[in-house]
Every structure is written in structure tokens, then in C-alpha cells.
Amino acid sequence: MEIIIRPTQEQCASIGGRIIANLIKRKSDAVLGLATGSTPIPLYSELARMHKDEELSFSEITTFNLDEYIGLSGDHPCSYQFFMNEELFGKIDIRSDFTHIPNGEAEDIESECLEYEDAIRSSGGIDLQVLGIGSDGHIGFNEPGSSLGSRTRIKTLTGKTIEDNARFFDNSNQVPRHCITMGVGTIMDSASLILFAFGEGKADIISKAVEGPVSAMVPASILQLHPSVKVIVDEAAASKLANLDYYNEVYANKPDWQE
Ligand code: GLP
């Protein structure tokens with residue numbers, strides 16, 4: 001794991017944007033895995049800026065989102081489809097038929113999940129997956145206790161996640177109880193991953209995910225077993241890391257030949 005700590009969210013997003021732009025320069029038809037929540041918003045703003053100011057093109061890019069609420073239509077303002085259209089897809093030159101988000105209104109949820117897995121496989125697999133982290137350690141919507149080998153499936157949200165995500169809804173009763181999410185195993189199949197976390201509220205869970213034992217009770221901790229993961233966090237989210245000084249030293253002394 002490479003831990004990159006920067007003072008602000010914007011600086012973290014700028015590093016993330018550069019990594020994605022470099023990938024697109026190398027592979028114009030790359031497959032990106034995308035996340036929702038408030039964390040990736042600065043990254044998406046940066047990508048939209050790079051598209052506008054630096055001619056970064058997404059015209060051949062395919063995307064797969066991690067998850068979607070069950071029961072919300074794509075034009076519901078709290079759906080992840082709506083979020084992606086607003087925060088990113090509407091601001092770049094991506095082809096809408098190249099973007100994929102689980103259909104939370106599918107009649108046959110089980111088939112929808114299998115088809116989602118097939119679509120990821122047929123695309124050649126995800127080159128780079130963007131992740132946030134829930135305050136309970138979830139990635140996608142893989143709540144504590146999720147099988148570390150799980151695939152795309154229906155999950156029930158924990159009370160904590162419902163409470164955390166209620167801020168996007170009028171009240172917590174409106175937060176759907178169920179979702180479709182890529183599994184932990186699906187996420188781990190990505191060739192590389194970047195996990196972003198910002199703010200003091202994420203400091204405890206970042207220290208558990210990065211430095212604690214690998215455990216299904218902290219699903220993000222499985223990333224310790226992946227060969228290509230960058231954890232990009234602001235100083236507040238990094239504040240409880242035991243090896244903070246070492247991570248800063250590694251980043252400051254990164255050889256030029258490393259990206
Ligand atoms: C939701 C999403 C996750 C995201 C998490 C954190 O539960 N399903 O993918 O990482 O929220 O949200 P935030 O970035 O708003 O803290």
C-alpha cells in the first residue's frame with residue numbers, strides 16, 4: 001500500500017486526477033471503477049476541469065460504479081445514477097452507453113447482479129477503481145461482516161450507514177435499506193485501486209483499514225492484500241496513523257522513475 005498524505009482534499013484530488021489522466025494517456029479505452037458519496041466530489045471536479053482546460057478526453061472510457069440503492073430510479077436526486085450525471089458524466093465527453101451503474105429498479109435483482117459481473121468481465125476488467133470508505137469500514141456498500149470473496153449482490157445497509165447517508169435525504173426513514181453493490185472480491189479484481197478519505201471523522205477507520213488486522217469486520221482492510229493500492233488522505237484523516245512519519249518520508253523521497 002502506498003499512503004499519500006496531503007494537507008487538503010483539493011491536493012489529494014489533484015494527485016488522483018493526475019493518476020487517472022496518466023492512465024488515460026497510456027490507455028485511451030481504460031476501464032474505470034467509480035465511487036459516490038461526498039469523498040470523490042473534488043476528484044470529479046478535477047477531472048471535469050482537466051477535460052475543459054487540458055483536453056483530457058473520456059470518449060473511449062468505460063466506467064462501472066460500485067453500487068446503487070434499491071428502489072430509487074436513475075432520476076431520483078438521491079440515486080447514485082443522478083449523482084454521477086451531476087458530478088461527472090454531464091461535465092465530460094463520456095459516452096453514456098459506456099457508463100454502468102447497477103439498476104436499483106431491476107425486477108430480477110439476482111440476474112442484474114450476475115449481468116453486472118459479466119459486463120465487468122467482458123470489458124476486460126477494471127484498470128483503476130476509485131474508492132471512498134464508510135465510517136464503519138465499508139467499501140462500496142460491503143458492510144462489516146461481508147465475505148471478503150463476495151461478488152456483486154444485494155446488501156442490507158447497517159443502521160450506521162443509514163444514519164451517515166441520511167444527510168443526502170430529507171430524513172433517515174427515506175434512506176433505502178437495501179442496495180446492489182460490487183462485492184469485495186469484485187473490487188479486489190481491479191488491476192489497481194485508489195482509496196480516498198478526508199476529514200477527522202475518517203481518522204479512526206483509516207488507521208484500522210491501513211494498519212489494523214485484515215478482517216471482514218473492516219472490509220477496507222482487505223486492500224492490504226492487493227498489490228497496487230494507493231491510499232490518498234488529507235492530514236485530518238491521516239492523523240491517527242501510527243506510521244505517519246514514515247509514509248511522509250516515503251512520499252517525499254519517491255524516486256523520479258516512479259509515477
Ligand atoms: C456510501 C458509498 C461508499 C462511500 C461511502 C462514504 O456508503 N456507498 O462508496 O465510500 O458512502 O461516503 P462519504 O464519501 O460521503 O463519506
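In this predicted model, a backbone N or O atom of Ile133 lies 3.3 Å from an oxygen atom of the ligand. Two further residues also place a polar atom beside the ligand: a polar backbone atom of Gly140 is 3.2 Å from a ligand nitrogen atom, while the side chain of Asn165 has an N or O atom 3.3 Å from a ligand oxygen atom. The table sets these pairs side by side.

| Residue | Atom of the residue | Atom of the ligand | Distance |
|---|---|---|---|
| Ile133 | backbone N or O | oxygen | 3.3 Å |
| Gly140 | polar backbone atom | nitrogen | 3.2 Å |
| Asn165 | side-chain N or O | oxygen | 3.3 Å |

The ligand is surrounded by 14 residues, of which the closest are Ser38, Thr39, Asp67, Arg167 and Lys202.

A separate feature is the pairing of two helices. Helix H1, residues 9–26, and helix H2, residues 41–54, have axes that come within 8 Å and cross at roughly 55 degrees, which means that H1 is oblique to H2. The crossing of H1 and H2 is right-handed. On the H1 side the contact is made by Gln9, Ala13, Ser14, Gly16, Gly17, Arg18, Ile20 and Ala21, and on the H2 side by Pro42, Leu43, Glu46, Leu47 and Met50. Taken by character, the residues in this contact of H1 with H2 comprise 7 nonpolar, 4 polar and 2 charged ones.

Technical notes: Residues are numbered from 1 along each chain as its sequence is written. This is a predicted model: local features need pLDDT of at least 70, side-chain atom pairs count only at pLDDT 80 or more; totals for chains, interfaces and linings use all residues. Side-chain values use heavy atoms; hydrogens and water are left out. Axes are lines fitted to C-alpha atoms, for helices over the stretch in contact, and angles run from 0 to 180 degrees between N-to-C directions. Helices (H or I, at least four residues) and strands (E, at least two) are DSSP runs, numbered from the N terminus. Angles under 35 degrees count as roughly parallel, over 145 as roughly antiparallel, 65 to 115 as roughly perpendicular and the rest as oblique. A crossing is left-handed if the near helix is turned anticlockwise from the far one by less than a right angle, and right-handed if clockwise. Contact means heavy atoms within 4.5 Å. Ala, Val, Leu, Ile, Met, Phe, Trp, Tyr, Cys and Pro count as nonpolar, Asp, Glu, Lys and Arg as charged, and the others, Gly among them, as polar. A residue is near a molecule or strand if one of its heavy atoms lies within 4 Å of it. A polar contact is a pair of N or O atoms within 3.5 Å; within protein, one must be able to donate a hydrogen and the other to accept it, and residues adjacent in sequence count only if both atoms are side-chain atoms.
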